[in-house]
Every structure is written in C-alpha cells, then in structure tokens.
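I opened a new page for this structure. These are my notes on what I looked up, in the order I did it.

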Amino acid sequence: MLKKIIIVVSFLFLLQTIAFGDDNPPEVLVNSVGVIGNSQIAEEYILNVVDTKPGKLLSRDVIQNDVETIYNQGFFSFVDVDLRPEGGGASVIFSVQENPIIESINFTGNTKYTSEQLMKEVFSQEGTVFNRVFFRNDLDRIQERYHRDGYVMVRVSDVQIQGGNIYVTILEPTVGDVIIQGNSKTKTNVIRREIKLKTGDIFNVTHFRHQLGKLQGLGYFEDVDVAFDVPEDDDSVVDLILTVKEKKTASVGLNLAYGTESGLSGGLTYGDTNLFGRGINFEVGFNEGDDASYWLSFSSTYMDAKTFAWRVGAVYRKYDERYYYRKGIKQFEYDEKSLSIYAGLGKKFSNEDWSWFLTLRREDAEYKNVQNAIPGYIDDLTMWDGVNQTVELSLTWDKRDEYAPYSKGFVWDTNLEQAVKALGGEYEYLKYWTQFRLYAPLNKALEGFGDIGGTWSDENPLLFAARLRIGAATKDELPAFARYSLGGMNTLRGYNSRSFEGSRMFLGNFELRVPVASGVSLVGFYDIGNADEDFHWSDYHDNYGIGVRVKTPFGNVRVDYAKGEDENRTYFGFGEMF
C-alpha cells in the first residue's frame with residue numbers, strides 16, 4: 001500500500017578520540033541536539049520523541065532507535081543523523097526530509113459512498129504535510145465505515161502518491177451469479193425472490209444475512225447452506241451459491257385451547273405452507289366449542305412491484321351464548337351464525353414502501369335466541385340479519401427497517417370499505433379508517449441512565465411502541481357485523497370483547513417494552529378509546545397494566561394484566577398486540 005522509504009543513518013567519526021568500532025569506546029557526552037531540513041513540522045515536536053538529550057552519554061543504539069522513532073512519526077520520507085565534535089563532547093543533528101504538502105485526496109471505485117462522505121472519515125486535510133501513519137488510519141476508518149454498514153468485502157486496493165496528490169482506489173466487490181441448488185419441490189423463483197441481492201449489487205453481509213433469515217423462516221427447508229466463489233482473475237465479483245435441503249411442508253394439527261373470553265375449544269387442521277412448491281399457503285380446519293369455526297383458505301402473501309399477493313377463502317362461525325354489550329354494559333346473551341367468503345389481490349408500487357390490497361367479501365349473518373337479558377335491555381342487534389357485500393381497499397406505507405431484528409420505524413394504513421347493494425348485498429354504507437403504528441428504540445436516548453444486566457442491545461432494545469386508530473362511516477347506524485368494535489386483548493384491554501361498538505371509533509395503545517433477560521421482556525401499557533354512534537373526544541374509556549413476553553420455539557407468549565374502569569382482567573395469547 002504505502003511504500004516505506006529506507007532510513008539512512010550516517011555517523012561521522014569524532015576526531016581520533018571517538019571510535020565507535022572499538023571494543024571499549026570512550027564515553028562521550030551529548031552537548032546539543034538539533035534538527036535540520038524541517039519547514040512545516042516544529043523542531044520541538046520532532047525532538048520530543050527522541051531519547052538522545054543534552055547531558056546524556058552518546059549511544060549508537062539510542063541514536064538508531066531515535067532515527068526510527070522520528071521516521072515512524074510519519075511526516076518524513078528520509079531521516080539521517082550527523083554527529084560532530086562540540087566542546088569536548090558531541091553535537092547530534094537529525095536531518096529530515098518532509099513529505100509533500102497534501103494538494104488533493106482523490107477516490108476512485110467508490111459507488112456506495114460519495115468522495116465527500118468518505119472524506120468525513122479522513123483526518124488528513126489539504127494544505128498539511130502528508131503523514132503516512134495518519135493516512136493509514138484514515139484508510140482503516142474508511143474500511144470500517146464500509147464494514148460497519150455490512151460491506152465486509154470492500155477494501156482499499158491501491159494508494160498512489162504523486163507529489164502532493166493522493167489517489168486511493170477502493171474495490172467494492174459486487175454480486176455475480178446467484179446459484180440455487182438442492183431444491184426439487186420448491187420452484188427456484190420462490191427461493192430467488194427472497195434473496196434481494198442481484199447481479200451488480202455491492203455485496204452486503206447484513207442484508208444477505210437478513211434475507212437468508214427470511215428464506216429459512218418460510219419453513220420450507222431443513223437447512224440452507226451458503227458458499228462464495230470468486231471467479232479467476234476477477235476479485236471484484238463474488239458468486240453466491242445457496243444449497244437448500246427441503247423438508248415436508250404439509251402437516252396435520254390437533255389443538256386444544258382455552259381463551260380468556262372464548263372458553264375451552266379444540267379442533268383439527270390440515271395445511272401446506274408450500275403447496276405445489278409455489279409458496280402457496282393452504283389450510284382447512286375446524287374448531288369446536290362455544291366459539292366454533294370452520295374454514296378453508298388459499299393465499300400467497302409474498303408481494304413486490306412485479307408479484308401479486310392474493311387470498312381466497314371461506315369461514316363459517318357459530319357462537320353460542322355470546323354476550324352483547326351496549327356502551328360497555330351487558331344487555332343479553334345470544335347465538336350467532338355467520339358465513340364469510342372473500343377474495344383479495346394486492347401488490348407493491350414501484351416505490352416498494354407503498355402497497356395496496358383490494359378485497360371482495362360476502363358475509364351472511366344470523367342472530368337469534370336472545371336470553372338472560374337484563375331488565376330494560378336494548379336490542380339493536382338481531383334486526384341486522386342478512387347479507388353484506390363489501391369492497392375493501394387498503395393502502396399501506398411501511399417504513400420499518402427490514403434489516404432490523406425487531407420492529408423499528410412506522411407503518412401507516414388507510415382503509416376504505418364500501419358496502420354495495422348492486423353486488424347482491426342488503427346494505428349500503430362507506431366505512432373509512434386509518435391507523436398509524438410507531439416503533440422507536442430508546443437505547444440511545446437513555447444512554448448512561450443504566451441498564452438491567454446489559455440486556456438492552458442494538459438487537460434487543462428498550463422499545464416504545466404506539467398504535468393510533470381512528471375511523472368513521474357515512475351512516476350513524478351500521479349493521480352489527482360492520483360496526484367498529486373495541487374491547488378485549490387486542491384492542492382495549494381491561495374490558496370484555498365487543499364492549500363498545502358503533503359507527504365511529506378512536507383507539508390509542510401505548511407500550512414500553514423492556515428487556516429484562518434473554519428472551520423475556522416486561523411491558524407497561526396504557527390503552528384509551530371508544531366506539532359509539534356519536535361520541536366526543538372527552539368521552540373515552542381507558543386502562544393500564546403490565547405484561548410479560550416470553551420467546552419460545554412456538555412463538556412469543558403474551559400475558560397481560562389490565563385494570564379497567566370496573567374490573568381487572570388477565571389475558572393470555574401469542575405474539576404482540578400490534
């Protein structure tokens with residue numbers, strides 16, 4: 001890289017009384033030490049590093065070390081020493097030749113960062129004497145900048161110094177071929193679409209590791225092995241070789257569960273997460289209990305600017321002795337049956353932060369067998385039997401960091417749901433709502449305030465999470481199955497499911513997620529909101545509480561204890577609430 005210039009040391013014999021070659025040389029005192037040849041570097045700076053001082057004995061080894069030390073300061077291309085007799089002793093004069101003044105620093109081969117961005121890592125500046133030690137550290141910082149951002153194969157391949165002009169060549173290896181092998185069922189394009197690195201991209205190990213994680217997370221493979229190959233005589237290209245070992249993706253599941261609000265239930269499912277090797281999810285199953293359901297679904301969730309995501313399916317639900325609430329007060333119990341058939345299609349825009357999804361849905365609901373009603377109860381439910389045909393459009397702006405191991409950033413959704421009689425429905429209305437979710441790590445903001453056992457890290461930070469949702473409709477009174485509904489473990493904790501319903505709604509959920517051990521977090525939360533036909537912002541219901549999250553091989557286990565207005569409730573489930 002930087003060529004080291006040979007150090008020249010010459011000694012002048014001091015008369016005939018000073019003989020360095022003798023076995024027993026006479027002792028000679030140093031009377032003075034000086035420097036010649038320097039114009040930019042102060043003499044005091046140079047002499048500060050030498051051990052040869054006036055009043056000390058002259059030593060050949062010490063002078064040799066001093067010459068090397070001066071040279072290692074990095075400012076000089078040549079260092080010599082001149083010894084002269086002086087007043088019965090010796091005068092030591094170090095002769096130096098300074099490196100040129102830096103006129104320019106020029107980068108070539110850099111495409112990821114501009115020359116101006118790279119210069120922020122460089123301490124050497126124009127108009128100063130070139131220092132090879134400083135500049136070597138500058139080059140190290142440039143490589144560290146690349147490596148820190150995941151470009152671990154980037155290196156400085158050459159440095160040329162021509163007078164005061166410095167030319168730095170940076171090698172940014174790019175992806176050549178992406179070779180996929182070992183798959184017999186899964187289509188190659190299904191695997192390839194998860195590996196976003198393409199030919200000509202600068203190889204980034206952080207991005208590649210994340211993409212491999214998503215590929216393995218599909219559940220199609222027992223193992224994914226990665227190898228790299230550099231073509232002969234071309235170290236600017238690296239080929240990626242992925243060898244997959246497939247596993248069975250079809251399964252039969254038997255489940256038994258107890259829900260805080262749904263009671264005891266059990267059922268059977270059969271599914272395949274990679275139907276026909278095309279990444280299609282298929283599932284058919286049933287659950288029996290007070291809350292019974294039967295379903296059939298096909299879906300392909302992957303989407304980008306060229307690939308559509310889609311879903312079709314049907315769900316039949318039957319609820320026995322379900323509670324009906326009005327303004328948070330239980331009115332009666334009832335039985336409900338509903339059949340929902342849906343089909344949807346979506347895609348990302350050219351700016352893949354944005355996506356859309358369009359869903360057609362037909363729902364046929366039946367309410368009957370009102371029982372255990374309170375005195376003076378209100379029944380605005382059973383009148384809404386019938387068929388509802390809707391078209392729903394969702395627009396999503398997702399600015400979460402896809403390479404972070406946790407949710408970081410924000411997501412904004414806007415939804416329009418139009419009920420259409422012309423498509424065979426019995427109702428006509430327009431619902432519209434929007435939702436904003438924020439995930440903000442607080443490690444840097446609270447740096448220095450302490451940590452619990454060092455569990456807050458860049459991969460597992462202290463996290464503030466918030467969800468804000470607001471919705472309305474063109475009609476004050478919506479069918480029961482179309483109303484906004486709040487209450488329960490996924491919306492307004494501390495209240496029964498569907499405690500508050502109406503044609504207008506607002507909801508706020510706020511959580512502080514605090515890692516306390518490996519795989520374990522505590523969550524402090526506050527929820528506020530309401531749903532009604534007509535409400536004011538001052539008319540709200542809220543709760544607060546604490547929760548525990550435990551990572552297990554089966555998913556994130558969630559336990560929340562919430563204090564509502566009238567009672568406290570405990571919820572058990574899987575995954576985060578949002």
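**Entry 1: a residue in the core**

I started with Ile70 and listed what it touches, leaving out residues up to four places away in sequence. The list holds Ile46, Val49, Val50, Phe76, Val79, Phe94 and Val96. I note here that the model is a predicted one.

Next I looked up the core around this residue. The largest nonpolar core has 23 residues. Ile70 is among the members that touch the most others, together with Leu58, Phe76, Val92 and Phe94. I then checked which elements give two or more residues to this core. They are strand S1 (30-36), helix H1 (43-47), helix H2 (60-72), strand S2 (76-86) and strand S3 (89-98). Another core, of 19 residues, lies apart from it. Its members include Ile105, Phe107, Leu118 and Val154.

**Entry 2: the whole chain**

I went on to the chain as a whole. I found six helices and 27 strands in the protein chain. Is the chain a compact globule or more spread out? The radius of gyration is 37 Å, and the globule rule gives 25 Å for 578 residues. The value is well over the rule, so the chain is more spread out than a compact globule. I also noted the span of the C-alpha trace along its principal axes, which is about 125 × 55 × 40 Å.

I looked up burial next, and 43% of the 578 residues count as buried. The exposed surface of the protein chain is about 30200 Å², with 54% of it supplied by carbon and sulfur atoms. For contacts with a separation of 6 or more, I found that 57% join residues 24 or more positions apart.

I took the charges last. The protein chain has 60 positive and 83 negative side chains. The centres of the two sets lie 6 Å apart.

**Entry 3: Asn131**

I picked Asn131, which sits in the loop between helix H3 (115-119) and helix H4 (132-148). Is Asn131 buried or exposed? Its relative accessible area is 1%, so Asn131 is buried. Buried here means under 20%. Setting aside residues up to four places away in sequence, I found that Asn131 touches Gln73, Gly74 and Phe75. I also looked up Ile102, which is 29 residues from Asn131 along the chain. Their C-alpha atoms are separated by 9.3 Å.

**Entry 4: Tyr167**

I found Tyr167 in strand S6 (residues 165-171). Its relative accessibility is 33%, so Tyr167 counts as partly exposed. Which residues does Tyr167 contact, leaving aside neighbours within four places in sequence? I wrote down Asn106, Asp158, Val159, Gln160 and Gln162. Ser104 is 63 residues from Tyr167 in sequence, but the two are 8.4 Å apart in space, C-alpha to C-alpha.

**Entry 5: positive phi**

I ended with backbone angles. Glu321 has a phi near 55°, which is a positive value in a residue other than glycine. I located Glu321 in strand S14 (residues 309-326).

Arg498 also has a positive phi without being glycine, and the value is near 60°. Where does Arg498 lie? I found Arg498 in the loop between strand S21 (484-486) and strand S22 (500-502). Its relative accessibility is 15%, so Arg498 counts as buried.

Definitions and conventions:
Residues numbered from 1 in each chain as written. Predicted model: local features only at pLDDT ≥ 70, side-chain atom pairs only at ≥ 80, totals over all residues. Heavy atoms only, no water. Core = buried A, V, L, I, M, F, W, Y, C linked by side-chain atoms within 4.5 Å. Buried < 20%, exposed > 50% of the residue type's maximum accessible area, 1.4 Å probe, protein only. Helix = DSSP H or I, 4+ residues; strand = E, 2+ residues; numbered from the N terminus. Contact = heavy atoms within 4.5 Å. Rg over C-alpha atoms; globule rule 2.2 N^0.38 Å. Areas by Shrake-Rupley, 256 points an atom, 1.4 Å probe, with all protein chains shown as cover. Lys, Arg positive; Asp, Glu negative; His and termini not counted. Charge placed at Lys NZ, Arg CZ, Asp CG, Glu CD.
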